[in-house]
Amino acid sequence: MKYLFSWFLFLFTGLSGGAQQPVELVRALPQQAFPQTVKAGNYSGITHIRGNRYAVVNDKSPKAGFYFCYIDIDAVSGSIRKVSMDSLRTCGLPNRDEEGVAYFPKRNTLFVAGEEDKKIVEYNLDGTLTGRALNTPAIFRTARRNLSYEALTYNARTHRFWTSSEGPLPMDGEVATSLRRTRNRIRLQSFDDDLQPAEQFAYRMDIPVAKDSAINSQTGVSAMIALDDGRLIVLERELFFVKGYFGSWFNEKLYVVDPREGKQVDSSELLTDASPFLKKRLLYEWRTGISLLSHDLANYEGMCLGPKLADGSRTIILIADSQDQYMGLLNDWFKVLIVRL
């Protein structure tokens, strides 16, 4: 009965504002880097705390934990004016391949998803562990190595955390590649404020754009944003790496889905082509790459809502994983999208 009431509360919270307008892209700003104030890293998740303060995780940080990041955005143009980052706040334990982070204002804490241990644990803002964690369904512990929890988000109005595995669980199919041209079947899982599992929905990714062989070709869900009205923005990422790296690229797509209009699935059932996948609407698609003339390759792994602008539009902030500025070819890119919600 508790979970049924929680679901009705989620529906009411999202629907109480009346008919929802489509999420619309106003403009996409060029990506920016801040090498003087942001040290080379493997930044894989970002969440807004308050003001210009954000928390960022690094999937190869020296120890488990997070960083405070300060991002100043021009209130008219939406462009980032400056970024700075504090030192690591850590509990002292080994890095867990931290991939996602979400701020929980009810307790002024952060939840961090670890891809290595397949857990989503709670931190105080001083870096110490609270001892609490999301009660993740056992099925997610079957996730493939390096394809476990990647996306994590929380919305205080709907009282929902949302996460997913990066790639399909083994029971739900193989991982789509340029030569295995299938569509990843992903489970989107929510949790309530008591950290208990709530709703689960099936999400189907697009067929890979790439059609040629590569030294590394893979697709997956790398980030999500939970909106106040119950909708989600999902980031689909496709990587295509070739020998020598020149000619490699990332293709990224943002889709909007509405769980309130979907049919839930159960952890005990396999996902197939006949499963009730959420309907999705493309918000924005872009590609970055590396060539002799261009080094804008950006692996965007973190995403969150940023501040409102003077005209009432809203910013989305994305952060890229540069693999410690690999071979001097990559940068720790930030990108701002401006949308109307």
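How many residues lie between strand 4 and strand 5 in their hairpin? There are six residues between these two strands. Let's use that hairpin as a doorway into the rest of the protein.

This is a predicted model, in which local features need pLDDT of at least 70 and side-chain atom pairs count only at pLDDT 80 or more, while totals for chains, interfaces and linings use all residues. Residues are numbered from 1 along each chain as its sequence is written, and side-chain values use heavy atoms, with hydrogens and water left out.

**The protein as a whole**

The secondary structure comes to one helix and 22 strands; here helices (H or I, at least four residues) and strands (E, at least two) are DSSP runs, numbered from the N terminus. The radius of gyration is 19 Å, close to the 20 Å that the globule rule gives for 341 residues, so the protein is as compact as a globular protein of that length. That radius is taken over C-alpha atoms, and the globule rule is 2.2 Å times the number of residues to the power 0.38. Along the principal axes, the C-alpha atoms fill a box of roughly 60 × 45 × 45 Å.

Buried residues make up 57% of the 341 residues, where buried means under 20% relative accessible area, exposed over 50%, and partly exposed in between (1.4 Å probe, protein chains only). Among contacts (heavy atoms within 4.5 Å) with a separation of 6 or more, 62% are between residues 24 or more positions apart.

**Around strand 4**

Back to our hairpin. Five of the six residues of strand 4 (residues 53-58) are buried, so this strand is largely enclosed by the rest of the structure. Two strands pair if DSSP finds at least two bridges between them, and strand 4 has such bridges to both strand 3 and strand 5. The table sets out three antiparallel pairings, including one from another part of the protein.

| Strands | Bridges | A facing pair |
|---|---|---|
| Strand 3 (residues 43-50) and strand 4 | six bridges | Ile 46 and Val 56 |
| Strand 4 and strand 5 (residues 65-73) | four bridges | Ala 55 and Phe 68 |
| Strand 14 (residues 185-191) and strand 15 | six bridges | Gln 189 and Gln 200 |

Strand 3 and strand 4 also form a hairpin, with two residues between them. In that turn, Gly 51 has a positive phi of about 60°.

**A sheet of four strands**

Strands 12, 13, 14 and 15 form an open sheet in that order, with antiparallel pairing. Strand 12 (149-155) and strand 15 (197-204) stand at the edges, each with a single partner strand, so one side of each has no neighbour in the sheet. Neighbouring strands are turned by 20° against each other on average, direction ignored, with axes being lines fitted to C-alpha atoms (for helices over the stretch in contact) and angles running from 0 to 180 degrees between N-to-C directions.

**A cluster of rings**

Rings of Phe, Tyr and Trp (its six-membered ring) pair if their centres lie within 6.5 Å; planes under 30 degrees apart count as stacked, over 60 as edge-to-face and the rest as tilted. The count comes to 16 aromatic pairs. One of them is edge-to-face between Phe 104 and Phe 111, at 5.7 Å centre to centre and 80° between the planes. Both of these residues are buried. Phe 111 also forms an edge-to-face pair with Phe 161, at 4.9 Å and 65°. This second pair links distant parts of the chain, with Phe 111 in strand 9 (residues 109-114) and Phe 161 in strand 13 (residues 160-165), 50 residues apart. Phe 161 is buried too. Ring pairs join Phe 104, Phe 111, Tyr 154 and Phe 161 into a cluster.
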